[in-house]
Amino acid sequence: SIGDYAFGGLTNLETVTIYTSAAPNNGSLMFPSSPNIKTATLDFSGSIANNLLSSQILLNVVSLNNVTSIGDESFAGTTELKSITIPFSVTDINANAFKSSGLESLTIPSSVTSIGTSAFESCSDLNSLTLPNMLSHIPDTMCKNTSSLTSITIPSSVISIGVSAF
């Protein structure tokens, strides 16, 4: 396993590449006090840890492979992250996963069946969102304070929309 704060304090670290079957702990930041991370390639089976790369302001390129779940606050506060391709291996996007990130548009693959509360809250640059065909519930505050949202595709599979979802 990869422990909490495993790579803390690497102030010059710009590129993160993880190819492993070791799953990160779902505890605290893996890269605290590493403010210069710009690119991340994550290729491992399992879930992305909670807070994995949150608050990495310079992060602008992320590649995900074989990941099955995006943990709470994994990319929260990554203001330079403008786009991300979520692979078909992902089935869950957890609470606050991209909250306050710089995402501009996002298409979520049909493999995703669950999106957590506030997953895209306060993404002030997000203007286009396409939700997956298998999604049945839009959670509370999913896109709250997402003022630039001009286009959203909600599939017919959705049977409920949470409080303050948009």
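The accessible surface of this protein, taken from a predicted model, comes to about 7,200 Å². Carbon and sulfur atoms account for 47% of that surface. Turning from the surface to the interior, buried residues make up 45% of the 166 residues.

Let me continue with the overall dimensions. The C-alpha trace spans about 45 × 30 × 20 Å along its principal axes. The radius of gyration is 15 Å, which agrees with the value near 15 Å that a compact globule of 166 residues would have. As for contacts with a sequence separation of 6 or more, 22% of them join residues 24 or more positions apart. On the charges, the protein carries 4 positive and 11 negative ones, and the mean positions of these two groups lie 8 Å apart.

I come now to the secondary structure. The protein has zero helices and ten strands, so the pattern read along the sequence is β-β-β-β-β-β-β-β-β-β. Five of the strands form an open sheet, in the order β1-β2-β3-β4-β6, with parallel pairing. The edges of this sheet are β1 and β6, the latter formed by residues 114–115, and each of these two strands pairs on one side only. As a general matter, the strands of a sheet pair through backbone hydrogen bonds, either parallel or antiparallel.

Let us look at the edge strand β1, residues 15–19. Its side chains alternate: Val 16 and Ile 18 point to one face and are buried. Thr 15, Thr 17 and Tyr 19 point to the other face and are not buried. Strand β1 runs parallel to β2, residues 39–48, and five bridges join the two. Which residue of β2 is the bridge partner of Val 16? That partner is Ala 40.

Finally, I would draw attention to Cys 143, which is found in the loop between β8, residues 137–138, and β9, residues 151–153. Is Cys 143 buried or exposed? Its relative accessible area is 2%, and because the cut-off for a buried residue is under 20%, Cys 143 counts as buried. What does Cys 143 touch, leaving aside residues up to four places away in sequence? The residues are Phe 120, Glu 121, Leu 129, Leu 149, Ala 165 and Phe 166. In addition, Cys 143 and Ser 118 are 25 residues apart in sequence, while their C-alpha atoms are 6.4 Å apart in space.

Methods
Residues numbered from 1 in each chain as written. Predicted model: local features only at pLDDT ≥ 70, side-chain atom pairs only at ≥ 80, totals over all residues. Heavy atoms only, no water. Buried < 20%, exposed > 50% of the residue type's maximum accessible area, 1.4 Å probe, protein only. Helix = DSSP H or I, 4+ residues; strand = E, 2+ residues; numbered from the N terminus. Pairing = 2+ DSSP bridges. Rg over C-alpha atoms; globule rule 2.2 N^0.38 Å. Contact = heavy atoms within 4.5 Å. Areas by Shrake-Rupley, 256 points an atom, 1.4 Å probe, with all protein chains shown as cover. Lys, Arg positive; Asp, Glu negative; His and termini not counted. Charge placed at Lys NZ, Arg CZ, Asp CG, Glu CD.
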